[in-house]
Amino acid sequence: MKHSRDLLTELAGNLRWIWNGEFDSLFREIDPVLWTSVNHNPTAFLLELDAARLEARAADPHYRVRLERACHSLKAHLESEKTWANVSAPALAARPVAYFSAEFGLHESLPIYSGGLGVLAGDHLKSSSDLGVPIWGVTILYREGYFFQNLTTDGTQEEVYTEMDLRRVALERVMDSQGQPMSLLIPVNSGNLVVEVWKTRVGRAHLLLLDGYSKEGTADRFAFTRRLYGGDLRTRLHQEIILGMGGYRALRKLGIRPGVIHLNEGHSAFAVLEAISQVMEEEDLSFEAASERVRSRSVFTTHTPVAAGHDRFPPELVNEHLAPLRSKLKLSPEAFVGLGRIHPNDEREPFCMTVVALKLASKSNAVSALHGQTTRSMWKDLWSKAPPEVPIGHVTNGVHVPSWIAPQLARFFERLLGPEWFAQLRYPAGWEAIDAIDPFEIWDLKCALKKEFAAFVDRRIQRRDERLGLPHSRFSLNPEAMVIGYARRIVEYKRPTLLFRDADRLARLMSDPKRPVQIVFAGKAHPNDQTGKAMLKELYGFTQDPRFAGKAFVLENYDMNMGRHFVQGCDLWLNSPRRPFEACGTSGQKAIFNATLNLSSLDGWWAEAYDKKNGYSFGDGLTHSDVHTHDRRDAEDLIRVLENKVIPDFFERTPEGVPSRWIDKIKHALVTLGSRYNSDRMVLDYAKRCYVPTVGALTSDFPTDR
C-alpha cells in the first residue's frame with residue numbers, strides 16, 4: 001500500500017489540483033497555517049510538512065479513503081476517452097495544438113504571468129484539458145517571474161524580485177532519448193543561445209517552459225529569461241527567439257508534430273518562421289510554398305488594442321540576431337525585415353512581431369466583438385482594405401469557472417444544477433434553474449463570502465503595516481456596506497482614478513450612514529510605466545484623505561490569489577476603461593460566477609454582454625475625439641449611475657432584509673451570461689473554427705455538443 005505522502009505527491013505533480021476542490025482540501029486540512037504560508041502550493045507544502053502531522057491526519061480512515069479516491073479520480077480523468085475531443089475532433093490526437101504564449105497564469109505559486117494575457121492562456125490550457133483537446137502550451141521559465149509589489153507609506157510602488165526555487169514548484173526537466181536533460185542550441189549572429197526545457201502537466205494538457213542563456217557566457221547566466229517583460233530591446237528579442245524558435249524546436253525534438261500553431265499575441269511569431277524553415281528543409285520547398293503550408297495551420301490571437309503595446313524592433317537588431325534563420329529561409333535581409341512591416345520597402349518602419357503573425361496566419365482574431373472592430377481599423381493598411389473587409393474575426397474570451405468560483409458557490413450550484421454542472425457550463429438550458437432560487441439563499445451566501453473578504457483585506461493591511469512599522473489600521477470592511485472592488489493592471493487607459501474625479505461628491509455618496517459604501521483597489525503598474533505608478537500613488541493618497549478614511553483601501557501585491565478573493569467577496573465589480581481600449585476584460589466575467597454584479601463602461605466583453613438587467617453600465621458607449629472631454633463625461637455618468645441606480649438597488653430591502661432587485665440582477669446575469677463567458681465555450685470556438693479544420697474534417701458535426 002502506498003504511503004500517504006506518495007499519494008499526495010502524485011496529486012501535487014499534476015496542476016489539476018488548482019481547480020479540483022477535493023484535491024485542494026486534502027492538503028489544506030493537514031496544516032491550514034502552512035498551506036497559507038506556502039501560497040497554496042502543494043509541492044512546497046510537502047517539502048515543509050512535518051511528518052508527524054501528516055501521519056496523524058493519514059491515520060484517519062476517512063481521510064485515507066478520500067486521498068485514495070482523489071488519486072483514482074486523477075488517474076481516471078487522465079485516462080478517460082469520454083471527452084469532447086475524442087468523439088468530435090479525433091484528428092487532433094495525432095497532430096495536437098501547440099499554444100505559444102509569453103506568459104501563463106495558472107496559479108499564484110508559479111509566477112510566470114503579469115496579467116490578463118497570461119491568465120487567459122492558463123484558462124485556455126485548463127479548459128482544453130477538461131474538453132480533452134490535445135494541447136502543448138509553450139512559454140518561458142522566468143526564474144524571477146514578474147515582481148512582488150510593495151507600497152511605501154506614500155503609496156509609491158517598489159518592485160521586489162526573488163528567484164523561484166524550482167524544487168518548490170511542480171516542474172521537472174525534460175529528458176532526451178539518452179536520458180539526459182534536454183537542451184537546444186539556437187544559432188544567432190552573436191553565437192548560440194542554449195535553451196533548457198522543463199515541463200509540467202495541467203490536467204490532460206502539457207506545458208513546456210524554456211530557460212535560455214548565451215553559450216558564450218554572461219555575468220548573469222539566465223539574463224535573457226530571468227524576468228517577464230524585463231530588460232532592453234535586445235533582451236526582449238532574445239526572449240522571443242527562445243519562445244518561438246526554441247519552443248517549436250523543443251516540440252519537434254520531443255516527437256510532437258503540431259497540427260495547429262496557435263500564437264497568443266505576437267511575441268511568439270518566430271515559431272511560424274521556424275516551422276517554415278523546417279518544412280523547406282524536409283520537403284525541399286521554396287519559402288513561398290513552405291509559407292503556404294505553415295500558414296494553413298497557423299492561428300493568431302491578438303489582445304492589444306493600443307498601438308504602443310505591439311512589439312517592434314529596429315531592423316538592424318533583427319538582422320543582427322536572426323541572420324542564421326534568415327539564411328535557412330533563403331531570404332535577403334530586406335525581404336526578411338519586410339515580413340515585419342506593413343510597407344515592406346519602407347526603411348523607416350520597424351520590424352513588428354504582430355505584422356509577422358498577421359501575415360503568416362491563416363486565421364486571426366481579436367478577443368471580443370468590439371475589439372474585433374478596433375483591430376480591423378488598426379491593421380487595415382496591411383491589406384489596403386476598408387476595416388469591414390479586413391480578415392480578422394473575434395473569439396470572445398471566457399474564464400475557467402472552476403479556477404475562480406468560490407467553493408461555497410460551487411457546492412451550491414452542484415446541489416442546484418447537478419453534480420456534473422461544470423461539464424455543462426456552455427449550455428444555456430443548464431442555467432435556467434437559477435430563476436427558481438430563493439433570493440435569500442444567494443444573499444446569505446454572498447454575505448458569508450463578504451465576511452471572508454473582509455478578513456482577507458484586514459490581514460493584508462496588517463501585513464503591510466507590520467512591514468512598514470506602522471500601527472495597525474483601525475479601519476476594516478463593514479459587513480453592512482456595499483463593497484466595490486477594482487483589481488487589475490494599473491495603466492492609464494483603464495482609468496483607475498476616474499471615480500475620484502469629483503471627490504467631494506463621491507465622499508458625500510460614500511458617507512451616508514444608512515447606505516454605506518466602501519471600495520477596495522489593487523493592481524500593479526509596469527515597472528517602466530511612470531504614469532501608472534503615479535495613478536497608483538494617487539489612489540493610495542485618497543485612502544489617506546480624511547474624506548475617505550475607512551471607506552477606500554488599496555492592497556499591495558495583486559496576484560491570482562488576491563484576484564479570486566476580490567471577485568468572490570465584493571458586491572460590485574468596477575471596470576472603467578476608456579472605450580474602445582479594453583480588449584476584453586475577463587475579470588468581470590469571473591465576477592459573474594461569484595454572484596458579483598458588474599458596473600463598467602461599454603467596452604470589451606461588456607459591450608456585447610450588457611442588457612440593462614444583468615448589471616450596470618456608464619458612458620452609453622459614447623466616445624469623444626478629446627480625451628479629457630471623454631473622461632469628464634464618463635466620470636459624471638459613473639457617479640450618476642452609482643447614485644441613482646446601483647446604490648438604491650443594493651439598499652432597497654424586503655422585510656427579510658434581502659435586496660430583491662439586486663438579487664434579480666444576479667440571477668439574470670447568471671442565466672444570460674453563464675453559458676457564454678466561460679473558457680469551455682471559448683476553447684470550443686477555437687476548436688471548431690480554427691483547430692479541427694486545419695487537421696481534418698469534423699466528425700459527425702460535433703455530436704456531443706448539443
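The following passage describes the nonpolar cores and aromatic pairs of a predicted model. Local features were accepted at pLDDT of at least 70 and side-chain atom pairs at pLDDT 80 or more, whereas totals for chains, interfaces and linings use all residues. Residues are numbered from 1 along each chain as its sequence is written, and side-chain values use heavy atoms, with hydrogens and water left out.

The largest nonpolar core (buried Ala, Val, Leu, Ile, Met, Phe, Trp, Tyr and Cys residues joined through side-chain atoms within 4.5 Å) comprises 133 residues, of which L273, I276 and Y691 touch the most other members. Beyond its neighbours within four places in sequence, I276 is in contact (heavy atoms within 4.5 Å) with F287, A290, S291, V294, L329 and L360. Another core, of 80 residues, lies apart from it and includes M510, F548, F618 and I666.

The structure holds 31 aromatic pairs (rings of Phe, Tyr and Trp, the last by its six-membered ring, with centres within 6.5 Å; planes under 30 degrees apart count as stacked, over 60 as edge-to-face and the rest as tilted). The pair of F27 and W35 is stacked, because the ring centres are 5.7 Å apart and the planes lie at 10°. F27 counts as buried (under 20% relative accessible area, with exposed over 50% and partly exposed in between, for a 1.4 Å probe and protein chains only) at 0% relative accessibility, and W35 is likewise buried, at 1%. A further stacked pair is formed by F453 and F456, with 6.5 Å from centre to centre and 15° between the planes; both residues are buried.
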